[in-house]
Amino acid sequence: MPLFRRRRSLKKKAPPSNAAPPDRRLEEVRHTDMSGRLEEVVRVINGLLGDNDDFVMRELRIFGRHPAVIFYYSNMVDQAGINSDVLKALMYPPPQFREEAAPRGRLKEVILCDALHHTEVKLESDLASLVEGVLRGQAVIAVDGIDEAYVVNTRSILKRSIDTPATEQVIRGPREGFIELLGTNLSLIRYRLQTCDLRIKSMELGRRTQSKVAICYLEGVVSPDLVKEVNRRLSQVDIDAVLDSGYLEQYIEDNHYSPFPQVQYTERPDKVVANLLEGRVAIMVDGSPLALLVPTVFNQFYQTVEDYTERFLLMSAIRLARLVALVFSLIFPSLYVSIISFNPELIPTEFAVAVAGGRAGVPFPAIVEVLVMEVSMEVLREATIRLPQQVGGALSIVGVLVVGQAAVAAGFASPITVVIIALTTIGSFATPAYNAALALRLLRFPLVIMAGIFGLYGVMIGLILIANHLLSLKSFGVPYLSPLVPGNFQGMKDLIARAPLWWMWRRPSFLFTGDKHRVDESTIDYVQKPSNDVLDPLKFKEDRKER
Amino acid sequence: MGAREAGGSDLNARAWCKSALALIALLSSVPLLTGCWDRLEIEDRAVVLGISVDAIDPSEAEKEDEITHLRGSYLEPGGSMIRLGVQIAVPGRIPLGPGEGGGSGQGSSKRTVWVMDVPGYTIDDALMNLQQQLSGQLFFGHLRVIVVSESLARKGIQNLNDYLRRNSQLRRMAWMMVTKGKALDLMKSAPELERVPTLYLMSTMDSAVRMGKFPTNYVGMYWSRASKKGQEGFLPYVEMKKEQNIELKGMAYFKKDRMVGVTKPFEIATYMVIKGLNPAGYRAFVRLGNPERTVMVYATSRKSKINVDIRNGLPHFDVNIFTELNLEEKVSNELTVNRSSLLREVGKQNEKALLSSVESLIEQTKQAHSDIFGFGEYVRAMKPGYWRTHVKSKEAWQEMYPRITVDFHIHSRIRRIGMKAR
Amino acid sequence: MAEARQITTIQAAAILISTIIGVGVLPLPLFAVHAAESGAPFITFISALVAMASLVLVSVLGMRFPSQTIGQYSETIIGKWPGRIGSIMVIAFFAILTSLAAREFGEVVITAVLPRTPLEVTVTVMLLLAAISTRNNITTFAYIHFFYFPLLLGPALLITVLALKNADTINLLPIWGNGNIGIKGTIDGILTIASLFQSAFVLAIVIPSMRRPNRALRASIWGMVISGGLYVTIVLATVSVFGSEEIKNLLWPTLELAKATSLPANVLERLDAAFLAVWVTAVFTTLFSTYFFTVTELGNLFHLKDHKMLSFFLLPIVFLVAMLPQNILQMYEVIRNIGQMGLIITIGYPAFLLIIAWVRGKRGDRT
């Protein structure tokens, strides 16, 4: 609520000088260049990493003469690749140098250009970078007498296969979801966006994790200020670990105390691409299958990919149903409480009398009844997530059917309460975005309490507070309820209903994109022209007669 | 560096201040949480579905307990007394949902409502006497039917109207009716059809409106009519029959808050004809010559237009009425319905019959000084100059009403004759 | 101004509409009927025209000084101290307006739906709601109004449309009224109804944040047309359903109208509690505007950088003023009197400023 919004200034960022870097010994050798003496490199690297049992330091002689050492972590590299592409290539001199040995002066160049059979090799002289390379899973080859070492990207981490996204399933649309490896994820995006405008910038965040963070955007579409701001916010984040994109989200969002998510996450590459095309920026973290999309506005949380792949009339209706579900999950219980306890005159007399009958044996006031049922529903829901899948399904049935039925039979809750709670819970699951649904689901508790104090009046006050909070929220400067507020007619075509794709020929204006159009005018004209009846039966009448 | 630190501490102080403020705001909202002043569960309310009001003899005053006043002191109100009956829904008796209907078929023996009656000087007095004996708080949000006995209605129902208008729980869409005999009997009645007796009364009235048996006349509309300067209110007049059902016996018309007369049931139709109210629901006999040549017609649609002008210093009204009829039945085969000219003749006869009934109704209301048609409103609206100089007040119009003249121009057309060809 | 000029013309109009539509709508038909009986809709229309004068004056002034609020340009026009005294008057008036609106709605809530809740609580809740929201900047202020204004028009129009089923045009005739009320009563009524519009004066602090201040007049015309139209529609519906005589018996005829209507198919059997609940937003937006005006102008007067602290410091004062009227009838007397006196501030003061500005040839920088 706005009350808490201003407390952002409390946590002032500590000046960088105060914090001790996590790897002090590594920092000692930073900016120390190799001298060319092999023993020195071995001493430094061994000193830093040698304590580990999975660390391998293998000595070899290049072309049979020059002593060298290769360092790597045995479990992070592709060992077969090292054997064939690195070791074999280095041990045997290349054919053109079989006859006469390569001159010592050109050795560095010969190894790089003639010997190593690997695409990703770079030369590094900074000792710290070498260590970091090993940590990342690269193989480092130091050769005696050369003042730079070869860093070969032999990294090979086991990854799970690309799977259907578990939390964002669609009936119509691509079935691919992100996995944990950043490289694979980037490739999933790149093959969907084959344009030179796609920019992927990366940085490393997390003092100890050194997680690779990639910022993706479409040059020319995205507003340059937005990219700058994303960069700025990310570079301010100096934390220990970035284990998931969720860690970053909490540092870059605008209002940290709001229950509403101001950054959208997705595990669908097609969704990321669609958002890049709208002019947003995607942030991906190595090790996290969820990409972050900024800026985010509220309507994204009830839109799905399918809205755009299916026919617009049907999906508009379905989106409407989703909105209704969203509203249900927020206000249904509180409306129930206020009508039962404060304004029973609102419902039809027959029903009111019947409700009174249903509640006659229940010992608690409606608010307590609803709160208890809601809390137990949340417990059930949480339990269902935690339980192994095989048990989970059974439990949810047991929970909903048996407990609900038993509660009514035991006179603990009235049947209508159970109906209301069930509708609310189901409603909250119809929202595609889990985090937004969660926010609304939690907000219904204060609403129920308000309803218990002031009835409908209290519900309204609570709703006004929530709405005012939403109205004051911003995500990277974009008002959270855009395009509804501030009114933008173009954007409203995609707000409640989904207009045909060619009606929405502009990118969202609140993102202040460079290139504004996404549908060419000729296409719009073409769609509106009458279709050409190629196989019109009238045309073929003549043919048939002739035959 | 110093400045920067100062800024930092200032910032800290402000932040501290803000969190303190937030805390104070939170704390101040705690008292709010302790009070649920108006929370009253639906099952803790005594949901009043219907009220009956009878006039009783002041000699019964001894029976009243001294709850709102002390007998013999200056707090005693005096005056006439009423007996108030209420019908309260009994939660739990009325089954939830349609499935478990009637509690294993003995619906009538197991009462779904509770009827109580108390004496009192005023409505509020009586209600307080009642509240003194009840655990649940009386709740009027679902009050649907208010029954007033004819004897009380003839004395005047000003007090009742005042109480009901003032009470915020009451709905303007309740039905108020006047009953022949004791009003309390209607509360006690237990008709077979509906699970809740009052709802039966209500649905009787609602479907009467839907079928065109009575004009829409919720209590709110009655109030509006009654307070207009150029119009009087009317209420449905009902009587309880032996099957514990009720019959719509006519319209009880009022002069201000006092009932002054009652019409016959058919005259409800006459009223609706004059006002041009749809749907039309009454049937009428039309005789073409001898009694064997009688047909029955029913009106499908009515229109009326009332024009006012001033003649001889008094308002004169021209009422143009147009009704569309269908032939529904004939008495014998003596008459063959096969010519359109015959239908025209039926229409003519109907016009004649209608005219006489319309005029008699007007005459009846004139004698009672009760302008239920709102002719006065037409004068007020169309002839404001005349109204300002000659009428101005409700009482003046009540005086003038018997002296006005009304001309009726009735046109009836028969349109259809049903499925039979002759 | 620290913030960029963000507010569009439509948003400015929305601010006016949702500010004007407030708790005053509930007794409005009663005021109108007391002024002219069946001529009530016409009287309401006249009153809207009178209220329009204030808005036109404020927008003309605002367009003359496009980057200053009323407090700032009054100091430019009539000098520092006289300007400040004027500002203090306006601020005090708006503070009183806030407290009276909160009190009036508190009374409605207590009478109609929450009879046992203490008045202090309902009033405090409304005031707190407004105070919390005034801690936002003017852009969010505009957003909030823009968001709520369809929510205000919707229910009001819904109830009117549903009520039309029971409407009777004879109740609206003659459209000039029957002349039972003297000219004094009619003028009194016109002023009272016009005073219901005067919270629209808030435009004076909106103009400096408008993207195009020269469109302020257009915004105010639209705002008046829609809100005035709604006022007239409500009076029209109420009078045509109840008739003017019955309205004289009703304290809040608009609420009674909600009581007399039910949604088709009886989803909700009566709309009064629901209408009142929705009307919380209308009252909130009005309170929000008047209180925002009070707080920001006071902040400007003392040259505070931040008006946020003031919003809670001022709250007890506003609350105490709201508690002053002893009973509901006295409250309405106070509302009528203060409202009519307020017209001097909302029409007289800007007119005075404008004339002086013309005479002295003062004009703000066009940035």
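Two residues count as in contact here when their C-beta atoms, placed from the backbone, lie within 7 Å. Keep that in mind for the first stop, and remember throughout that you are looking at a predicted model.

**Stop 1: where chain B meets chain C**

Show chains B and C together. The contact draws 24 residues from chain B and 24 residues from chain C. To find the chain B side, select helix H1 (2-34), helix H8 (219-227), helix H11 (375-382) and helix H12 (384-391) of chain B, the elements that put two or more residues into the face touching chain C. H11(B) supplies the largest share of that face, with 5 residues. Now colour the chain B side by residue class: you should get 10 nonpolar, 4 polar and 10 charged residues.

**Stop 2: chain B as a whole**

Hide chain C for a moment. Chain B has 13 helices and 13 strands. Of its 422 residues, 41% count as buried. Take the contacts in chain B with a separation of 6 or more: 75% of them are between residues 24 or more positions apart.

**Stop 3: a mixed sheet in chain B**

Next, pick out strands S10 to S13 of chain B. They make an open sheet of 4 strands in the order S10-S11-S12-S13, with mixed pairing. At the edges are strand S10 (283-287) and strand S13 (405-416) of chain B, each of which pairs on one side only. Look along the sheet and you can follow the twist, which averages 40 degrees from one strand to the next.

Zoom in on strand S12 (residues 314-330) of chain B and its partner S13(B): they run parallel and are joined by 11 bridges. For a handy pair to label, Phe322(B) stands opposite His411(B) in S13(B). Then bring in helix H9 (residues 265-275) of chain B, which lies across strand S11 (294-311) and S12 of chain B, at about 50 degrees to S11(B).

**Stop 4: Leu138(B)**

Select Leu138(B), which is in strand S4 (residues 137-139) of chain B. Is it buried or exposed? Leu138(B) counts as partly exposed, because it has 17 C-beta neighbours inside 10 Å, while a residue needs 20 or more to be buried. Leaving out neighbours within four places in sequence, Leu138(B) is in contact with Ala46(B), Val48(B), Leu127(B), Leu130(B) and Gln131(B). For a distance to draw across the chain, try Leu138(B) to Asp371(B): their C-alpha atoms are separated by 37 Å, with the two positions 233 residues apart along the chain.

**Stop 5: chain A, domains and confidence**

Move to chain A and colour by domain. The assignment gives domain 1 (25-152), domain 2 (182-296), domain 3 (311-479) and domain 4 (500-547). The centres of domain 1 and domain 2 of chain A, taken over C-alpha atoms, are 34 Å apart.

Now switch the colouring to pLDDT. Chain A averages 84, and 93% of the residues score at least 70. Among its elements, helix H1 (residues 2-5) of chain A has the lowest mean pLDDT, 44, and S9(A) the highest, 94. Residues 1-20 of chain A have pLDDT below 50, though this stretch has 27 contacts in the model beyond near neighbours in sequence. Where pLDDT is low, the predicted coordinates should not be read in detail.

**Stop 6: the antiparallel sheet in chain A**

Select S6 to S10 of chain A. This open sheet of 5 strands has the order S6-S7-S9-S10-S8, with antiparallel pairing. Strand S6 (198-205) and strand S8 (264-266) of chain A each have a single partner strand, so one side of each has no neighbour in the sheet. On average, neighbouring strands of this sheet are turned by 25 degrees against each other, direction ignored.

S6(A) and strand S7 (residues 211-218) of chain A run antiparallel and are joined by 8 bridges; Leu205(A) has Ser211(A) in S7(A) as its bridge partner. Add two helices. Helix H7 (residues 182-190) of chain A lies across S6, S7 and strand S9 (281-285) of chain A, at about 10 degrees to S7(A). Helix H9 (residues 245-252) of chain A lies across S7, S8, S9 and strand S10 (291-294) of chain A, at about 135 degrees to S9(A).

**Last stop: Val221(A)**

Finish in the loop between S7 and helix H8 (224-236) of chain A, where you will find Val221(A). Val221(A) counts as buried because it has 21 C-beta neighbours inside 10 Å. Its contacts, not counting residues up to four places away in sequence, are Asp197(A), Leu277(A), Gly279(A), Thr513(A), Gly514(A) and Asp515(A). Draw one more distance, from Val221(A) to Phe512(A): 8.9 Å, C-alpha to C-alpha, for residues 291 apart in sequence.

Technical notes:
Residues are numbered from 1 along each chain as its sequence is written. Chains are lettered from A and ligands numbered from 1 in the order in which they are written. This is a predicted model: local features need pLDDT of at least 70, side-chain atom pairs count only at pLDDT 80 or more; totals for chains, interfaces and linings use all residues. Two strands pair if DSSP finds at least two bridges between them. Axes are lines fitted to C-alpha atoms, for helices over the stretch in contact, and angles run from 0 to 180 degrees between N-to-C directions. Domain bounds come from an automatic or database domain assignment. pLDDT is the predictor's confidence in each residue, from 0 to 100. A residue is buried if 20 or more other C-beta atoms lie within 10 Å of its own, exposed if 12 or fewer, and partly exposed in between; C-beta atoms are placed from the backbone. Ala, Val, Leu, Ile, Met, Phe, Trp, Tyr, Cys and Pro count as nonpolar, Asp, Glu, Lys and Arg as charged, and the others, Gly among them, as polar.
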